[in-house]
Every structure is written in structure tokens, then in C-alpha cells.
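Here is a friendly walk through one protein chain, meant to be read with the structure open beside you. Take a moment to turn the view around before reading on.

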Amino acid sequence: MPLIVSKLLLSFATVVGAPILYTIVFLILERRMNDVAALIIATAIVGPMSVIAWVALWRNNIIWTRRRSLRTVLALVASFALSGLAVPVATWFNYAGRNRSGVSEVGIVVGGMLFFLLWLVSSILAWQETKEERRCRLSASSRGDLPCPNCEYNLTGLREATCPECGTQYTIDELVASLADADIASKLHD
Ligand SMILES: [Zn+2]
């Protein structure tokens with residue numbers, strides 16, 4: 001299975017798995033404490049885990065410039081701030097007309113889900129390749145360089161089809177196919 005396919009499958013597992021894990025952690029904690037406390041702790045555990053899993057999954061595919069690192073931090077902070085604001089708003093709607101104080105379970109769940117969605121969308125936007133980066137990448141491959149399909153490390157001159165940078169092993173036909181793909185893409189682009 002090509003690496004990108006397994007990464008896409010793992011991404012799908014992360015997107016589906018995070019809410020499932022959240023529910024499991026909540027159900028375990030809820031036996032020992034009240035629902036609000038259990039939801040807060042479940043969010044504090046699963047939230048950072050899903051951020052770390054997402055970055056770990058895609059970091060080798062991202063061209064880490066200073067600008068892009070900064071955007072990633074901004075995406076994280078903005079997702080956190082906006083979803084934090086959603087908690088009192090959702091609580092207010094939830095408690096409307098009733099005389100209750102504190103945050104509601106609905107407020108925390110809405111905040112948690114919103115954080116996850118905002119982070120996924122904003123990180124994807126922050127990590128997108130610019131036109132210039134794409135042009136450089138494609139022209140490098142058409143110049144006879146052989147970039148690693150996973151991390152773009154230049155594999156030219158190596159005697160084996162294992163990338164020294166990311167460790168991915170290829171067969172010769174996979175590398176030839178990746179060059180052909182880049183060539184077609186650059187022709188379409190021109
Ligand atoms: Zn590599």
C-alpha cells in the first residue's frame with residue numbers, strides 16, 4: 001500500500017477515532033465523578049492527543065517554513081479560543097429560561113467538537129503548499145532529481161531505494177511511477 005494511502009486511512013481513523021475515544025474516556029470517568037468534570041477531563045485528554053496524532057501523521061509531508069510553523073501555532077490557538085467561546089454560548093442556549101449556573105454538559109461537548117473541527121480545517125489550510133513551492137517541487141523532479149515521494153529528500157545517486165531521511169523503502173518501479181506522476185503533473189501545470 002502506498003504511504004499516502006496508509007496516511008489517509010490513518011487520518012480517517014483519527015477523525016473517527018477521536019470522538020469514540022472521547023466517549024470511552026468519559027464513560028470510564030463518569031462513574032467516579034459528575035458529568036461536567038468527566039467531560040472536562042475527557043476533553044483535556046483526547047484534545048491534545050488528537051492534535052499530536054494529526055501533526056505526527058502529516059509532519060513529513062509539510063514544508064516547514066517559519067511562516068508555516070507560525071500559521072500552525074495560530075491555527076491551534078484560534079481553534080482553542082473560538083471553541084472556548086462556544087462553551088458559554090452553548091451553555092447559555094442550553095440553560096435558557098432555567099435558573100442554573102456553571103457550564104452545561106452540552107456546552108463542553110459543543111466546545112470539544114468545535115475545537116476538533118476547527119483544528120482539522122485550519123491545520124489543513126495552514127499546511128497547504130504555495131504555488132511557488134509546488135512549482136519548485138515539480139521543476140526539481142523534471143530536472144532529473146529523484147525526490148523521495150514521502151519527504152522530498154533527493155534520492156539521486158543512492159544505491160538502494162531506501163530514503164535516508166525518512167526511512168521509507170521503495171521498489172524501483174514505485175520510484176519510476178512517482179517520477180512519471182510528477183512529470184505528468186508538471187506538464188499539466190505548464
Ligand atoms: Zn523520504
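## Two domains

The C-alpha centres of domain 1 and domain 2 are 35 Å apart. Domain 1 covers residues 3–128, and domain 2 covers 132–189. Please keep in mind that this is a predicted model.

To get a feel for distances across the chain, pick Val 25 and Leu 146: they are 121 residues apart in sequence, and their C-alpha atoms are 46 Å apart in space. Now try Asn 61 and Pro 149, which are 88 residues apart in sequence, with 9.3 Å from C-alpha to C-alpha. Asn 61 sits in the loop between H2 and H3. Asn 61 is partly exposed, because it has 15 C-beta neighbours inside 10 Å.

## The nonpolar core

Which residues touch the most other members of the largest nonpolar core? They are Tyr 22, Phe 26, Leu 39 and Ala 42, in a core of 14 residues. Helix H1 (3–29), helix H2 (35–58), helix H3 (66–95) and helix H4 (105–127) are the elements that each give two or more residues to this core. As background, nonpolar side chains tend to be buried together in soluble globular proteins.

Leu 39 is a good residue to click on. Setting aside neighbours within four places in sequence, Leu 39 is in contact with Phe 26, Glu 105, Ile 108 and Val 109. Another one to try is Val 25, in helix H1. Beyond residues up to four places away in sequence, Val 25 touches Ala 42, Ile 45 and Val 46. Val 25 has 19 other C-beta atoms within 10 Å, so it is partly exposed; the buried class begins at 20.

## How H2 meets H4

The axes of H2 and H4 come within 10 Å of each other and cross at roughly 10°. Since angles under 35 degrees count as roughly parallel, H2 is therefore roughly parallel to H4. On the H2 side, the contact is made by Asp 35, Val 36, Leu 39, Ile 40, Thr 43, Gly 47, Ser 50, Val 51, Trp 54 and Trp 58. H4 contributes Glu 105, Ile 108, Val 109, Gly 112, Phe 115, Phe 116, Trp 119, Ser 123 and Trp 127. Sorted by class, this contact holds 12 nonpolar, 5 polar and 2 charged residues.

Trp 58, one of the H2 residues in that contact, is partly exposed because it has 15 C-beta neighbours inside 10 Å. The C-alpha atoms of Trp 58 and Pro 2 are separated by 15 Å, and the two residues are 56 apart along the chain.

## Two more residues to look at

Is Trp 92 buried or exposed? Trp 92, which lies in helix H3, is exposed, because it has 11 other C-beta atoms within 10 Å, and a residue with 12 or fewer belongs to that class. Ser 104 is 12 residues away from Trp 92 along the chain, and their C-alpha atoms are separated by 8.5 Å.

Finally, have a look at Glu 152, in the loop between helix H5 (131–142) and helix H6 (172–189). Most residues other than glycine have a negative phi. Glu 152, although not a glycine, has a positive phi of about 75°. With 20 C-beta neighbours inside 10 Å, Glu 152 counts as buried, because 20 or more is what that class requires.

Terms used. Residues are numbered from 1 along each chain as its sequence is written. This is a predicted model: local features need pLDDT of at least 70, side-chain atom pairs count only at pLDDT 80 or more; totals for chains, interfaces and linings use all residues. A nonpolar core is a set of buried Ala, Val, Leu, Ile, Met, Phe, Trp, Tyr and Cys residues joined through C-beta atoms within 7 Å. Helices (H or I, at least four residues) and strands (E, at least two) are DSSP runs, numbered from the N terminus. Two residues are in contact if their C-beta atoms, placed from the backbone, lie within 7 Å. Axes are lines fitted to C-alpha atoms, for helices over the stretch in contact, and angles run from 0 to 180 degrees between N-to-C directions. Angles under 35 degrees count as roughly parallel, over 145 as roughly antiparallel, 65 to 115 as roughly perpendicular and the rest as oblique. Ala, Val, Leu, Ile, Met, Phe, Trp, Tyr, Cys and Pro count as nonpolar, Asp, Glu, Lys and Arg as charged, and the others, Gly among them, as polar. Domain bounds come from an automatic or database domain assignment.
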